[in-house]
Amino acid sequence: MPPADPFEVEPVHHRWLLTTCVAGIAGSLVIGSAVLGIFGENAAPRDAFASVEKASLTGSYPESAELGSGHSVIGRKELSAAYQPQPETDGSPIVPERDLNNANLYPEITSEGLPYGDGSPEVIDAELDAIDEQTNITTITKQVPPEPTDETFRLAKGETLIEALTERGVSKDAANALAAAVEPIFPATMMKEGTAIELTLDRQIDFYGREVIFPVELSFEPGPKERLTVQADEDGRFVAAINGARDGSASKYAEFNHFRTKAKVGSSLYATAKDNKVPDYIIAEFTRIFAYDVDFQRQVKANDTFDVFYGNPLTGSSSKRKVLHYAELTLDGKTKTFYRFTTADGQTDYYDEQGRSAQKSLLKTPVSGARLTSGFGMRRHPLLGYSKMHAGVDFGAPHGTPIRAAGSGVVQLAGRHGAFGIAVEVKHNNKYETLYAHMSKLAAGIRRGAKVNQGQIIGYVGSTGRSTGPHLHYEVHVDGRPVNPTRIKAAGGKQLAGKELSKFKQMKQRVATMMERAPSALQVAQIKQ
């Protein structure tokens, strides 16, 4: 077999080339058609189309032309004359069908033909279908509000004004607000059984759209030839006054038994309380209660607030003395409150919200109204001239200021004691001992072996011994070692439980209700002027 010629050319397969060309042409046609469909004339967005009436599109519409059911009428506007409507088949207006000889275009309404085209207002009329008989319809009937009703009644035995109002449909909030308005003029507690009260009630709509019974006016006679009237103003606030008297004047028959004062501390708690007519003994009781936890000279600031409620005892028949029922002190945004409560065994004390006694094993400051003049620790002695451990703290106070025992215990030392001058040392238990030095004199009955109670006066501020001026040197020893009196955390007192705690909670609620209506002593003083 002869060798193959390396220069011999293979025959060309033309049928494959032809097939490739045909496929390319077909693909080009498909792609071209798609591009034409996307970018052709019909692809461009046009103005909205609308159904038009059978009249000529070249004319103008009448002011209110009727169309078939469900069609809207466009106001009087000239439409484009470029297109004519197609013949009608059933009498209804139709849009001309596509005409392939006319660029596949629908007749269109330009923006000038729409109501909002040129900014001028147009009225569009429309027909609404009749309401189906089964459609849910709410009918609101306008009624004339009822007239206010007048009533006269008498207080029943043991019944309060608030109870009488709520029994007649008045809300508790409205009843409390009305009673609070009466309180500064005539205490509600003085309203006796059988007092005739004239009341006008009105039906009103409250904030939530509910109809409520509201007392618009109330009046009664506190005593002969005197009538007190309470009226609600247009804002629903109650204003009480004695008929014919100056606004704010108290009844001449009023006897106020409870008072409340709430204020900022200001320059000093004592001065502010006195400005608000709070008695000295109430202020002293207030500071005594908080003395277990508060250093009044260092911790109390001008923007802090206090709240006191005091008056006749809640139990017993005594009305000659006032007692502190509630004490509140807010320091740096933190509030502490105490309530006066007498337990079943006859012991009266002050308890916090949870029923824990205010009393602790030691007071924080044994002398009232004093300022801290020297702290605990190493210091340069003002008389000796060298550094020496100061095992206590010094409180500067006027000569003769009472000094109280920081806790209950037994007197271990009473009298002259070297550089301490006249001093008292009290052993409270097996853990705590306190020392009070530089006194001017001892209190009556204070001697070695005498028992003292917490808060009892044991001596008076002086400057005896090694001293530069009147002050109290105060030390606390724990297990025989001196500690900083201002940082010690003494153990708490009694915790109410069981029936005692339940009674305490009831008493709290009673005090809270009384506080809402109680006037301040300053307010009463101004009213009586």
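**Notebook: a five-strand sheet and the helices around it**

I began with helix α6 (residues 498–517), which lies across β6, β7, β8, β9 and β10 and runs at about 110° to β9. I note at the outset that this is a predicted model, so I looked up the confidence before reading further.

Confidence. For the protein I find a mean pLDDT of 77, with 71% of its residues reaching 70 or more. Among the elements, I find the lowest mean pLDDT, 64, in strand β12 (residues 377–380), and the highest, 95, in strand β17 (residues 422–427). Over residues 4–10 the pLDDT is below 50, and beyond near neighbours in sequence I find zero contacts for this stretch in the model. Over residues 46–86 the pLDDT is likewise below 50, but here the model does hold 79 contacts beyond near neighbours in sequence. I keep in mind that predicted coordinates should not be read in detail where pLDDT is low.

The sheet. I then traced the strands that α6 lies across, and found an open sheet of five strands in the order β6-β7-β8-β9-β10, with antiparallel pairing. Its edge strands are β6 and β10 (348–351), each of which pairs on one side only. From one strand to the next I note a twist that averages 15°. Looking at one pair in detail, I find that strand β8 (residues 323–331) and strand β9 (residues 334–342) run antiparallel and are joined by six bridges, and that T335 in β9 is the residue opposite T330.

A second helix on the sheet. Helix α5 (residues 280–290) also packs on the sheet, where I find it touching β7 (305–311), β8, β9 and β10, with its direction at about 55° to that of β8.

The loop after β6. I looked up S268 and found it in the loop between β6 (258–264) and α4 (269–275). Is S268 buried or exposed? I record it as partly exposed, because its relative accessibility is 28%, and the class in between runs from 20% to 50%. I also checked S268 against F296, which is 28 residues away along the chain, and the C-alpha atoms of the two are separated by 9.5 Å.

Helix α3. Which residues are buried in helix α3 (residues 172–182)? I list A174, A175, N176, L178, A179, A181 and V182. As a reminder to myself, an α-helix has 3.6 residues a turn, so residues three or four places apart point the same way. What covers the buried residues of α3 includes α2 (161–167), β3 (211–223), β4 (226–232), β5 (238–242) and α6, which brings me back to the helix I started from, the one lying across β6, β7, β8, β9 and β10.

Methods
Residues are numbered from 1 along each chain as its sequence is written. This is a predicted model: local features need pLDDT of at least 70, side-chain atom pairs count only at pLDDT 80 or more; totals for chains, interfaces and linings use all residues. Side-chain values use heavy atoms; hydrogens and water are left out. pLDDT is the predictor's confidence in each residue, from 0 to 100. Helices (H or I, at least four residues) and strands (E, at least two) are DSSP runs, numbered from the N terminus. Contact means heavy atoms within 4.5 Å. Buried means under 20% relative accessible area, exposed over 50%, partly exposed in between (1.4 Å probe, protein chains only). Two strands pair if DSSP finds at least two bridges between them. Axes are lines fitted to C-alpha atoms, for helices over the stretch in contact, and angles run from 0 to 180 degrees between N-to-C directions.
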